[in-house]
Structures are given as C-alpha cells and as structure tokens.
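Please walk me through this protein model, one region at a time. Keep it brisk and stick to what the structure shows.

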Amino acid sequence: MGRPPRPLLTRDGIMRAALALVDEEGAAALSTTRVAARLGVKGPSLYNYVSSRDEIIAGVSDLIVAEMDLDPAVQPWTAALDAWARSYRSALARHPNMVPLLASRPTRSVAALQAYACAFAMLRKAGWPEDHVLPVVQSIEYLLIGSALHLNHPHDTAWADEELPPGLEPLRNAPADFREQAFETGLTALIRSFQETLDNLQAQHDG
C-alpha cells in the first residue's frame, strides 16, 4: 500500500492557515509548528516557503491589507480618505487578534507599503506638501489601531459607588455603541481638521 499523498503547500495557503489560526486561537498560538500542524505537515516543510514567524506575520498582514480599499479615483480626497479609514477599520475588526501583532512591529508587508504609497500619492495630488503626507496618514492609523484594539474589550460598569470619584456618568452610562460613536467622532474631527489645514496651507502659498 502506497504512502498517502503529501499535502500540497503554497505560500498563500500557509498565510491563510496562519491567519485562521490567529483568528481562532489568538496571536500567542502563531508558530511555524502550529501552522504546519494545521496544514497536515511537519514544521520544517514550511521553511521551503517561509523563513520565520516574522515572515509569516508580514504575509498575513498582506492578506489583511488586501481587504482594505483605497480608491484614489474617489473625489474629493476627503471622501477617499474617509472610505479608506472605514475599510481599514473593518478589516482590523474581522481579525482583532492580529491587531497587537501589527501594531507592535515595523511594517514589512509589501501590500501595506504599496497602500502607503497610494495614500501618499493621493494626498500629493490633493495639494498636500510633502512634509505633511506621512503625519496625515499615520494620524488616521493611530485612530484606527486604537479603535480596533478596544473593539472586543468588555465595558465594565460594575464598580462600587464608594470606589469612584464623582462626575463619571458618561463612562458609567455609556451606550452599547459608544465605541462606534467615538470612532465616528474622531474620524470626522480628523478629516475636518485636515481640510482646514490644507486650505490654510494653500492660502499661505497663494498669498
């Protein structure tokens, strides 16, 4: 009786198995050994396709970035930025266990770097000076990552009155959708501020 056929490995299949593992079991579960077991092979088999856990994280990042949508053809540029921010947050919300890994490492994902380049090009076309394009993009990212880190955290309202300082009614009586409200408030304020800043910069340039 012949040996059973070996599972067919591909780089994409490894990354998708790794993402599914993190989605189901958390970031601590991610290892080449666990991913290999999920694919029905031994750990060393993966090293024909990936060199390390960090490379797997970068590859998984590419999958998540592919779920985001930045369309520079959308006009005005503020609408494109708003749509990108929402798709970015939705992608992170679908994979919350990956957020700490993404936030704690330098960007090595090729797809993420391509998305940066696209965002920078969109802002340049809108008239942003070169020294402003990175702060604009990263300030949006800080809002998105902070928002995504708290999406699944329970809101504890079971504090004893004697433990609390006065004036905490907004926190104690927070509605179920307070995280959505906070995201909407922050994104709206950022984009409005960006538009005002750009208008002022252009007025200074024209003056």
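## Ala20 on helix H1

Ala20 counts as partly exposed, because its relative accessibility is 22% and the cut-off for buried is under 20%. Keep in mind that this is a predicted model. Ala20 sits in helix H1. Compare its place with that of Thr107. The two are 87 residues apart in sequence. In space, their C-alpha atoms are 21 Å apart.

## Helix H1 and its partners

Helix H1 runs over residues 11-25, which makes 15 residues. From its first C-alpha to its last, H1 reaches 21 Å. That is close to the 21 Å expected at 1.5 Å a residue. Just after H1 comes Gly26. The phi angle of Gly26 is positive, near 100°.

Which residues of H1 are buried? They are Ile14, Met15, Ala17, Ala18, Leu19, Leu21 and Val22. A general point helps in reading such a list. An α-helix has 3.6 residues a turn, so residues three or four places apart point the same way. The buried residues of H1 pack against two helices, H2 (32-39) and H3 (53-65).

## Leu63, a contact point for H1

Leu63 belongs to helix H3. Is Leu63 buried or exposed? Leu63 is buried, because its relative accessible area is 13% and buried means under 20%.

What does Leu63 touch, apart from neighbours within four places in sequence? Its contacts are Asp12, Met15, Arg16 and Leu19. Take Met15 as one of them. Leu63 and Met15 are 48 residues apart along the chain. Their C-alpha atoms are separated by 7.8 Å.

## What the record marks

UniProt has an unreviewed entry for this protein that places "domain: HTH tetR-type" at residues 8-68. The end C-alpha atoms of that span lie 29 Å apart. The span is 59% helix and 0% strand.

The unreviewed UniProt entry also carries the annotation "DNA-binding region", covering residues 31-50. For residues 31-50, the end C-alpha atoms lie 12 Å apart. This span is 40% helix and 0% strand.

## The loop between H3 and H4

Two residues stand out for a closer look here. Asp69 is found in the loop between H3 and H4. Asp69 counts as partly exposed, because its relative accessibility is 47% and exposed means over 50%. Setting aside neighbours within four places in sequence, Asp69 is in contact with Ala83, Trp84 and Ser87. Asp69 and Trp84 are 15 residues apart along the chain. Their C-alpha atoms are separated by 5.5 Å.

Pro76 also lies in the loop between H3 and H4. A cis peptide bond joins Gln75 and Pro76. Its omega is about -5°.

## Thr78 and helix H9

Thr78 has its place in helix H4. Thr78 is buried, because its relative accessible area is 15% and the limit is under 20%. Beyond its neighbours within four places in sequence, Thr78 is in contact with Ile191 and Gln195.

Helix H9 covers residues 178-206 and has 29 residues. H9 reaches 42 Å from its first C-alpha to its last. That is close to the 42 Å expected at 1.5 Å a residue. Ile191 is one of the buried residues in H9. Phe183, Gly186, Leu187, Phe194 and Leu198 are buried in H9 too. What covers the buried residues of H9? The cover includes H4, H6 and H7.

## The largest pocket

Now turn to empty space. Rolling a probe the size of a water molecule over the atoms shows where empty space is left. The largest pocket has a volume of about 520 Å³. The elements that give two or more residues to its lining are H3, H4 (77-94), H5 (99-103), H6 (110-126) and H7 (130-149). The largest share, six residues, comes from H3.

How many residues line the largest pocket? The lining has 26 residues. Those nearest the centre of the pocket are Tyr88, Leu102, Thr107, Ala112 and Tyr116. By type, the lining divides into 18 nonpolar, four polar and four charged residues.

Conventions. Residues are numbered from 1 along each chain as its sequence is written. This is a predicted model: local features need pLDDT of at least 70, side-chain atom pairs count only at pLDDT 80 or more; totals for chains, interfaces and linings use all residues. Side-chain values use heavy atoms; hydrogens and water are left out. Helices (H or I, at least four residues) and strands (E, at least two) are DSSP runs, numbered from the N terminus. The expected span of a helix is 1.5 Å times one less than its number of residues. Buried means under 20% relative accessible area, exposed over 50%, partly exposed in between (1.4 Å probe, protein chains only). Contact means heavy atoms within 4.5 Å. On a 1 Å grid over the protein atoms alone, a cavity is a set of points where a 1.4 Å probe fits but cannot get out, and a pocket is an open set with protein on both sides within 12 Å along at least five of seven lines; lining residues have an atom within 4 Å of a point. Grid points are joined across faces, edges and corners, and a volume is the space filled by probe spheres set on the points. Ala, Val, Leu, Ile, Met, Phe, Trp, Tyr, Cys and Pro count as nonpolar, Asp, Glu, Lys and Arg as charged, and the others, Gly among them, as polar. UniProt positions are given in the numbering used here, feature names are shortened, and annotations may be inferred rather than shown by experiment.
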